[in-house]
2 protein chains.
Amino acid sequence: MEEDVKEGASDKYSLRGRVFSRLREDILNGKYDEGIELREIAIGEELGVSRTPVREAFRQLELEGLIRIIPNKGAYVVGISDKDVRDIYILRSRLEGLAARWAVDHITQEQMEEMEENVYLAKFHTQKGHTEQMFELDNRFHELLYEASGSKILEHQLKDYHQYVLRIRKKTLSSATRGPQSNLEHEAILEAIKNKNADDAERLANEHMINAYKNMIDKGLVKPE
Amino acid sequence: MEEDVKEGASDKYSLRGRVFSRLREDILNGKYDEGIELREIAIGEELGVSRTPVREAFRQLELEGLIRIIPNKGAYVVGISDKDVRDIYILRSRLEGLAARWAVDHITQEQMEEMEENVYLAKFHTQKGHTEQMFELDNRFHELLYEASGSKILEHQLKDYHQYVLRIRKKTLSSATRGPQSNLEHEAILEAIKNKNADDAERLANEHMINAYKNMIDKGLVKPE
DNA sequence: GCACAAACGATTGTATACAATGATACAAGA
DNA sequence: TCTTGTATCATTGTATACAATCGTTTGTGC
């Protein structure tokens, strides 16, 4: 089994890695609002470490675009604008389409089975209204699709974007109407891949993203630009 | 004028920023071969700085995928496989197409003028066989396209990929046949944008990347998969 | 009261000291 | 001879000390 690309960078067993993961999570979950200044000492004290690992984590967070470091001044949490969300969803729609197309030829038996199980379970939890499980299953479905593409580059890229819009997605799926529809679309993508129909797979995955974005607009989570 | 996304991260006036830029350049130019171990002290001594800025630069290089850090062990230069190159060119072909499409609506007068100048100059230097200038102009043409897309997200992404395949591209353009053809394709993209023809712009930019990749295969720079 | 400059404080930038970890070499035993 | 344990060393991980920089405040002159 190949190791996760991101794992290599986050390195959860070093202090720096833990600080990095923790800060990223906190930022994505909205603990630190947009524009907030992060002070090295304060973060260090909060997590019980010195400034060194904090600084290294900051440098990585900046490269991920989550914070902006102004030399000799400070580190500030960067927000995601509505335009960013829109751009990311359009990029994702195209790249997820590509991932689905490639998955037709590269998906493994094991991945296929997990995907089928995923779709099946999602139906169940949606009926029951288990939003937390629905959220996790949706995440996993997309990660599976990325992995099934057989391209480390594409997988890495899509996981990045996926992470990036987490904040907003967390609210989306809790709505009663999008859950079932999303499940149907997942199922259709799965069927296309199973039937080795690359064109359908690409088109369906593409539309799935567009629909997800439209849903966010309808819910008022983002402005339509 | 908005500042360069990358610039914010490289910060050329701090030691860390200089170390980062220098190491990235050295790796991309092939000074350090794939698999070579980079030692913090050695790099620090070579550049006349202590380990601290070197370490911070390492963390960023890892996130850019240029080196791989194994905890408590060392930092190793990561190579680009032929499959990676192929994947990136396919992604780029799609995303550059998107950038060209968006540029139709978002390009500024200033950008348009620089692009026209770029195409004009490229013709001149190609006739004269000035490979270094051709290389720079080609780089700039694509950066301009990214900037003209009006999307920071897309621009950032494409610049990343562009950087990533620099090693190989440096060899490509020096060949006598691809230069003129590449110029013609740039000109066609420019014309499509100028004529506000989004479909043509996307298709041409898309094909331009595919052609660039095919050329690398023909030259034997990468294996076709 | 206002303008401007100097000094202070807070924060980041860098260097260095110390701790922890992993690799290697070598010796002892099976 | 091969394996295994241990000591040693090189290298990274972390903490801390010191330097540089930016903002602000305070004080002085007009």
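**Notebook: two DNA strands and a helix pair**

I looked up DNA strand D first and found 20 residues around it, the closest being Leu15(A), Ser50(A), Thr52(A), Arg55(B) and Arg59(B); a residue is near a strand if one of its heavy atoms lies within 4 Å of it. Of the atoms of DNA strand D that come within 4 Å of the protein, sugar and phosphate account for 69%.

I noted that this is a predicted model, in which local features need pLDDT of at least 70, side-chain atom pairs count only at pLDDT 80 or more, and totals for chains, interfaces and linings use all residues. Residues are numbered from 1 along each chain as its sequence is written, chains are lettered from A and ligands numbered from 1 in the order in which they are written, and side-chain values use heavy atoms, with hydrogens and water left out.

**Entry on strand D.** I then looked up polar contacts (pairs of N or O atoms within 3.5 Å; within protein, one must be able to donate a hydrogen and the other to accept it, and residues adjacent in sequence count only if both atoms are side-chain atoms). A backbone N or O atom of Ser50(A) is 2.8 Å from a phosphate oxygen of DNA strand D. The side chain of Arg55(B) has an N or O atom 2.7 Å from a phosphate oxygen of this strand. For Arg51(B), I found a polar side-chain atom 3.0 Å from a base nitrogen of DNA strand D.

**Entry on strand C.** I found 20 residues around DNA strand C, with Arg39(A), Arg55(A), Arg59(A), Leu15(B) and Thr52(B) the closest. Sugar and phosphate make up 69% of the atoms of DNA strand C that come within 4 Å of the protein. Arg39(A) places a polar side-chain atom 2.9 Å from a phosphate oxygen of DNA strand C, and Ser50(B) also has a polar side-chain atom 2.9 Å from a phosphate oxygen of this strand. At Asn72(A), a backbone N or O atom lies 3.4 Å from a sugar or linking oxygen of DNA strand C.

**Entry on helices.** I turned to helices H5 (residues 82-106) and H11 (residues 198-218) of chain A, whose axes come within 7 Å and cross at roughly 155°. Helices are DSSP runs (H or I, at least four residues), numbered from the N terminus; axes are lines fitted to C-alpha atoms, for helices over the stretch in contact, and angles run from 0 to 180 degrees between N-to-C directions. The crossing angle makes H5(A) roughly antiparallel to H11(A), a term for angles over 145 degrees.

How values were computed. Helix = DSSP H or I, 4+ residues; strand = E, 2+ residues; numbered from the N terminus. Parallel < 35°, antiparallel > 145°, perpendicular 65-115°, else oblique.
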